[in-house]
Amino acid sequence: MPAPTAPHSRLAHFPIPLFATAMGSSGLAIAWQQAGAVLGLPAQIGLVLQWWALALFVAIALGYLAKLVRHPDAVRHEFAHPVRLNFFPAISISLLLLATAFAATLPGFARGMWMVGAALHLGFTLIVMSSWIHHTRYDIKHANPAWFIPVVGNVIVPVAGIGFAPAGVSWFFFSIGLVFWMVLLTIVMYRLFFHEPLPERLTPTLFILIAPPAVAFVAWLKLNGGQIDAFAQILYNVALFLTLLLAANALRFFRLPFFLSTWAYSFPLAAITIATLIMAGQGGGFFLVALAGVLLAVLSVVLLLLTIRTFQAMLRGELCVPE
């Protein structure tokens with residue numbers, strides 16, 4: 001007869017990708033805040049969602065902190081994992097997104113979160129890139145769009161950072177994210193084109209392809225005084241094309257079972273929604289206004305379904321289990 005499972009065993013498998021739920025929820029809050037200004041929708045929705053995102057982040061952070069204290073070996077194992085390592089920067093990105101969401105209502109609180117998030121993300125970037133350079137375990141099959149999270153996540157820093165620190169700081173992070181986006185995009189596309197397809201569990205991470213150009217578009221506007229110039233148009237149109245490309249393969253994604261990685265749909269959809277709302281707000285015409293409304297509706301439905309499905313998985317004991 002097998003030995004009973006220890007009461008704390010689930011804590012040892014508390015997954016770092018759970019922070020993607022905080023990223024997606026923060027992105028939804030920012031999107032609804034932007035929609036209030038552009039589409040005239042109730043601003044209160046964005047306010048409620050930003051507090052929900054903060055509560056979610058705090059709950060997950062406390063859970064992972066408990067894991068770190070009680071099961072440090074399990075945390076070290078995740079940190080050495082060639083895929084899960086890339087989700088640790090979701091912690092710092094969540095802080096940066098929350099800082100963006102709270103910038104207008106609680107600027108002092110937002111500044112503090114931004115400072116911690118920016119410093120933490122720089123540290124994660126250095127650690128992850130050092131791991132890639134001096135690795136003994138990576139193979140081309142490990143490359144997937146989640147690799148964008150640690151390095152390209154730097155382009156998120158200027159979105160709120162331009163109001164919290166000298167512009168040079170935001171330019172520093174933006175430069176890192178933009179250059180290494182192009183490097184990693186080449187690597188990931190090579191893996192997708194010439195090697196076996198991503199396993200089902202990682203297939204939702206294809207949506208992460210949307211996020212770098214969409215967020216870079218928003219960051220570029222912040223750095224460039226809000227002017228939609230030629231470079232901004234290129235960034236937005238690349239993000240829009242990738243969105244259309246993935247939408248054209250929607251049936252493939254609908255057929256996938258639910259994984260925690262399914263939350264990879266959330267923040268990229270939020271990023272292209274926010275970018276489209278900004279374009280619509282700058283005189284983009286009826287098409288962009290309509291597209292922004294459609295994307296906001298899709299984003300909201302996707303986040304609702306993901307949240308419901310995650311709570312169902314939690315109640316069924318499908319989370320915090322060995323892979």
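This short presentation describes the fold, the core and four individual residues of one protein model.

The model is predicted, so to state the conventions: local features require pLDDT of at least 70, side-chain atom pairs count only at pLDDT 80 or more, and totals for chains, interfaces and linings use all residues. Residues are numbered from 1 along each chain as its sequence is written, and side-chain values use heavy atoms, with hydrogens and water left out.

Let me begin with the overall architecture. The protein has 14 helices and zero strands; helices (H or I, at least four residues) and strands (E, at least two) are DSSP runs, numbered from the N terminus. Along the sequence the pattern accordingly reads α-α-α-α-α-α-α-α-α-α-α-α-α-α.

On dimensions, the C-alpha atoms fill a box of roughly 70 × 45 × 45 Å along the principal axes. The radius of gyration is 19 Å, which agrees with the value near 20 Å for a compact globule of 323 residues. That radius is taken over C-alpha atoms, and the globule rule is 2.2 Å times the number of residues to the power 0.38.

Turning to the surface, the accessible area of the protein comes to about 14,700 Å², and 73% of it belongs to carbon and sulfur atoms. Such areas come from the Shrake-Rupley method with a 1.4 Å probe; for residues, only the protein chains shown count as cover. Of the 323 residues, 53% are buried, where buried means under 20% relative accessible area, exposed over 50%, and partly exposed in between (1.4 Å probe, protein chains only).

What, then, is found in the largest nonpolar core? This core has 118 residues, and those with the most contacts inside it are Phe19, Trp114, Trp132, Phe148, Phe174, Phe217 and Tyr236. Its largest share, eleven residues, comes from helix H13, residues 266-281. A nonpolar core here is a set of buried Ala, Val, Leu, Ile, Met, Phe, Trp, Tyr and Cys residues joined through side-chain atoms within 4.5 Å.

Contacts come next, meaning heavy atoms within 4.5 Å. Among contacts between residues at least 6 apart in sequence, 78% join residues at least 24 apart. Trp132 may serve as an illustration: leaving aside neighbours within four places in sequence, Trp132 is in contact with Asn86, Tyr138, Trp147, Pro150, Val151 and Leu184.

I now come to the four residues. Ser26 is located in helix H2, residues 19-38, and counts as buried because its relative accessibility is 0%. Setting aside neighbours within four places in sequence, Ser26 contacts Ala53, Ser94, Leu97 and Leu98.

Val159 belongs to helix H8, residues 157-161, and is buried, with a relative accessible area of 14%. Not counting residues up to four places away in sequence, Val159 touches Thr100, Val215, Val218, Ala219 and Lys222. Although Val159 and Leu97 are 62 residues apart along the chain, their C-alpha atoms are separated by 8.6 Å.

Is Thr243, in helix H11 (residues 230-247), buried or exposed? At 11% relative accessibility, Thr243 counts as buried. Beyond neighbours within four places in sequence, its contacts are Ile210 and Ile272.

Finally, Asn224 lies in the loop between helix H10 (211-223) and H11. Asn224 is partly exposed, with a relative accessible area of 26%. Its C-alpha atom is separated by 23 Å from that of Pro268, 44 residues apart along the chain.
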